[in-house]
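Work through the exercises below with the model open. Try each task before reading its solution.

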Amino acid sequence: MEKIVILTGAGISAESGINTFRDSGGLWENHRLEDVATPEAFARDPVLVQGFYNARRAAAAQARPNPAHTALAELQRHFPGEVIIVTQNVDALHEAAGAQVLHMHGSLDQALCAACDHRWPAPLQMRVPEPCPACGAPRGRPDIVWFGEIPYHMEEIIGHLESCTLFAAIGTSGQVYPAAGFVQAADAAGAHTVELNLEASAVFSDFAEVRQGPASRIVPAWVA
Ligand code: BJW
């Protein structure tokens, strides 16, 4: 049976109005991404880090799926084989388009207790401190995979990569691992590999095929 694995990154949501990370120099209010997206940063300056995610949660709440999200959802619904969508994005636009996805870097709309691992729906604005409703510890954080933390669903994702016949990476810069290495795992499994991006990613030469352009145009054309 054909199995397609699709990895998406910030570029697929760009035309829905959500900023990508590295196009703007990777800066947020003059802070490097690595200075807000780590557990150490949260321990050092929780107000700064919650502010970063509160702003992004507010932006994501206004965003709607674009034709690229819709095309992937339709592919997943109608393809006779299996279509696995793995996203690095923490927005919920794939789900809003009707797709089922694995969020390897977590979700903006979930909160996580750093004391007991309990998860609950994040309020639009998380506070500092944000108490955990299960254990009461003042250690609520965004349920986001930060640098140095282990991405979610890795065993399942690797299993899919090892058994896929086609792998596509859409709108991701290929600068953050382990996602940037998925193309090599799929290639080793004998899959055809294709990159769809506005410009060549850092790992474009690992792909058998590269298609360039805005996701809202090239993804529906690729799926058709
Ligand atoms: C369009 C478009 C349009 C624009 N149409 N396209 C040295 C070497 C190798 C690895 C490491 C190293 N030092 C440290 C590491 C590991 C580290 C890492 O990779 N660091 C690099 C910076 C080098 N990785 C980790 O720490 C990860 N954990 C880990 O490795 O654990 C060990 C382990 C792994 C596996 C099994 C067991 C153990 C965790 C990484 C967590 C990443 N977290 C972030 C932030 C949190 C989420 C959030 O705040 O939202 O996730 S970083 C940030 O980058 C975010 C993204 O998901 C991620 C990827 O970014 P993405 O999506 O590619 O976006 P951009 O902005 O980079 O690119 C956008 C692209 O779209 C561009 O190419 C544009 O051209 C394109 N585009 N408009 C189509 N309209």
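Tyr-53 is found in helix 3, residues 46–62; helices (H or I, at least four residues) and strands (E, at least two) are DSSP runs numbered from the N terminus. This is a predicted model: local features need pLDDT of at least 70, side-chain atom pairs count only at pLDDT 80 or more, and totals for chains, interfaces and linings use all residues. Residues are numbered from 1 along each chain as its sequence is written.

**Exercise 1. Two annotated residues in one helix**

Task: Determine whether Tyr-53 is buried or exposed, and do the same for Arg-56.

Solution:
1. Start with the record. The unreviewed UniProt entry marks Tyr-53 and Arg-56 as "binding site". Its positions are given in the numbering used here, feature names are shortened, and annotations may be inferred rather than shown by experiment.
2. Place the second residue. Arg-56 is found in helix 3.
3. Set the cut-offs. A residue is buried if 20 or more other C-beta atoms lie within 10 Å of its own, exposed if 12 or fewer, and partly exposed in between; C-beta atoms are placed from the backbone.
4. Apply them. Tyr-53 has 23 C-beta neighbours inside 10 Å, so it is buried. Arg-56 has 18, so it is partly exposed.
5. List the contacts (C-beta atoms, placed from the backbone, within 7 Å). Leaving out residues up to four places away in sequence, Tyr-53 touches Leu-108, Met-126, Pro-142 and Ile-144.

**Exercise 2. The annotated active site**

Task: Find which residues His-105 touches.

Solution:
1. The unreviewed UniProt entry gives His-105 as "active site".
2. His-105 sits in the loop between strand 5 (101–103) and strand 6 (106–113).
3. His-105 counts as buried because 20 other C-beta atoms lie within 10 Å.
4. Its contacts, not counting residues up to four places away in sequence, are Gln-88, Val-90, Ile-144, Val-145 and Pro-151.

**Exercise 3. Domains and ligand**

Task: Explain where the ligand lies relative to the two domains.

Solution:
1. Divide the chain. Domain 1 is 1–18 + 65–105 + 151–224, and domain 2 is 19–62 + 107–144. These bounds come from an automatic or database domain assignment.
2. Take the centres over C-alpha atoms. They are 25 Å apart. The contact between the domains uses 11 residues from domain 1 and 10 residues from domain 2.
3. Examine the shell, where a residue is near the ligand if its C-beta atom, placed from the backbone, lies within 6 Å of it. Of the 36 residues there, Gly-9, Gly-11, Phe-21, Gln-88 and Ser-173 come nearest.
4. Conclude. Both domains give residues to the shell, so the ligand lies between them.

**Exercise 4. The largest nonpolar core**

Task: Identify which residues have the most contacts inside the largest nonpolar core.

Solution:
1. Define the set. A nonpolar core joins buried Ala, Val, Leu, Ile, Met, Phe, Trp, Tyr and Cys residues through C-beta atoms within 7 Å.
2. The largest core has 37 residues, with Val-5, Ile-6 and Phe-167 making the most contacts inside it.
3. Elements that each supply at least two of its residues include strand 1 (3–8), helix 4 (67–78) and strand 4 (82–87).
4. Check Ile-6. Beyond four places in sequence, Ile-6 touches Leu-72, Val-83, Ile-85, Ala-168 and Ile-170.

**Exercise 5. Unusual backbone**

Task: Find which peptide bond has omega near -5°.

Solution:
1. The bond from Val-128 to Pro-129 is cis, with that omega of near -5°. Pro-129 lies in the loop between strand 7 (119–121) and strand 8 (140–144).
2. Another cis bond joins Tyr-177 and Pro-178, with omega about 10°.

Note on methods:
Two residues are in contact if their C-beta atoms, placed from the backbone, lie within 7 Å.
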